[in-house]
Amino acid sequence: MLERIYERILRIREDGCRDCLKVVCRMDDFQFNQLMSRLQMQIEITSRYNPPVRPALDPMISTELGVYRGDDENIGRLLGYPECCIQSFSENTRYAIDEDHLAEVDELEVPPDKCALVLPSGFIPCSLRCREAWERNLIAFADREEFKRILELEDELRMKLPHFHLAYDEYFEKIILD
């Protein structure tokens, strides 16, 4: 999950940023290596918890990459988002899970042992029923044990990867199911 993002960032830099995300090539080696080191640490921490979906990128990395600065298509592709979700985010200006998403919760077939629906923070799917987002493990159900591990993972990420992004205090969107 996060490993693919790591590999994509390396590939973009190795290719000289010909097609996208020029910011990756404008960073000097020191800055780039610092960011990749943070991402490697996030990967290592996350792998110990094995969440059903990946967490959001470390806020320091997402800020440096320009997440939310208008290059929605390239950022969305880097993060492995389905094209339909990238288009919905861009064209419909959806910046959060909204009432349309919440209305879809009742339409989902929730397995009996699951207590929450989880997504990486910042990932706003075109629909909670988006098959491609489910197949890419960007939306998943969590049982109580998985949910507990997600909360513990968020705590460890906050502790080991401190940052100053005021609006970025969770790594997962969590919709509690009845």
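This passage walks through an enclosed cavity, a set of salt bridges and two asparagines in a predicted model.

A good place to begin is the interior. Rolling a probe the size of a water molecule over the atoms shows where empty space is left. In this model, 1 cavity of 30 Å³ or more is found, and the volume of the largest cavity comes to about 30 Å³. The residues that line the largest cavity are I9, M27, F32, L35, M36, I61 and L65. Two elements, α3 (residues 29–49) and α4 (residues 59–65), each supply two or more residues to this lining. The greatest share comes from α3, which provides 3 residues. Sorted by class, the lining consists of 7 nonpolar residues, with no polar and no charged residues among them.

From the cavity, attention can turn to charged side chains. In total, the structure contains 13 salt bridges. One of them joins E156 to R48, with a nitrogen-to-oxygen distance of 2.2 Å. Helix α9 (residues 144–160) carries E156 and helix α3 carries R48, so this contact ties together parts of the chain that lie 108 residues apart in sequence. The two partners can also be described by their accessibility. E156 has a relative accessible area of 10% and therefore counts as buried, the cut-off being under 20%. R48, in contrast, reaches 53% relative accessibility and so counts as exposed, the cut-off being over 50%. The contact also belongs to a wider arrangement, as R48, E156 and K160 are linked in a network of salt bridges. Helix α3 thus appears twice in this account: it gives residues to the lining of the largest cavity, and it holds R48 of the salt bridge with E156.

A second salt bridge is formed by R129 and E107, whose closest N and O atoms are 2.2 Å apart. This pair links distant parts of the chain, 22 residues apart. R129 sits in the loop between β1 (residues 114–120) and α8, while E107 sits in the loop between α7 (residues 99–104) and β1. With a relative accessible area of 43%, R129 is partly exposed.

A third salt bridge brings together the side chains of E132 and R136, at 2.4 Å from N to O. Both partners are partly exposed: the relative accessible area is 30% for E132 and 34% for R136.

Finally, the backbone deserves a look at two asparagines. N50 is not a glycine, yet its phi is positive, at about 50°. This residue is located in the loop between α3 and α4, the two elements already met in the lining of the largest cavity. The relative accessibility of N50 is 56%, so N50 counts as exposed. N137 is likewise not a glycine and has a positive phi, of about 55°. Its place is the loop between α8 (residues 131–135) and β2 (residues 140–143). At 36% relative accessibility, N137 counts as partly exposed.

Technical notes
Residues are numbered from 1 along each chain as its sequence is written. This is a predicted model: local features need pLDDT of at least 70, side-chain atom pairs count only at pLDDT 80 or more; totals for chains, interfaces and linings use all residues. Side-chain values use heavy atoms; hydrogens and water are left out. On a 1 Å grid over the protein atoms alone, a cavity is a set of points where a 1.4 Å probe fits but cannot get out, and a pocket is an open set with protein on both sides within 12 Å along at least five of seven lines; lining residues have an atom within 4 Å of a point. Grid points are joined across faces, edges and corners, and a volume is the space filled by probe spheres set on the points. Helices (H or I, at least four residues) and strands (E, at least two) are DSSP runs, numbered from the N terminus. Ala, Val, Leu, Ile, Met, Phe, Trp, Tyr, Cys and Pro count as nonpolar, Asp, Glu, Lys and Arg as charged, and the others, Gly among them, as polar. Buried means under 20% relative accessible area, exposed over 50%, partly exposed in between (1.4 Å probe, protein chains only). A salt bridge is a side-chain nitrogen of Lys or Arg within 4 Å of a carboxyl oxygen of Asp or Glu.
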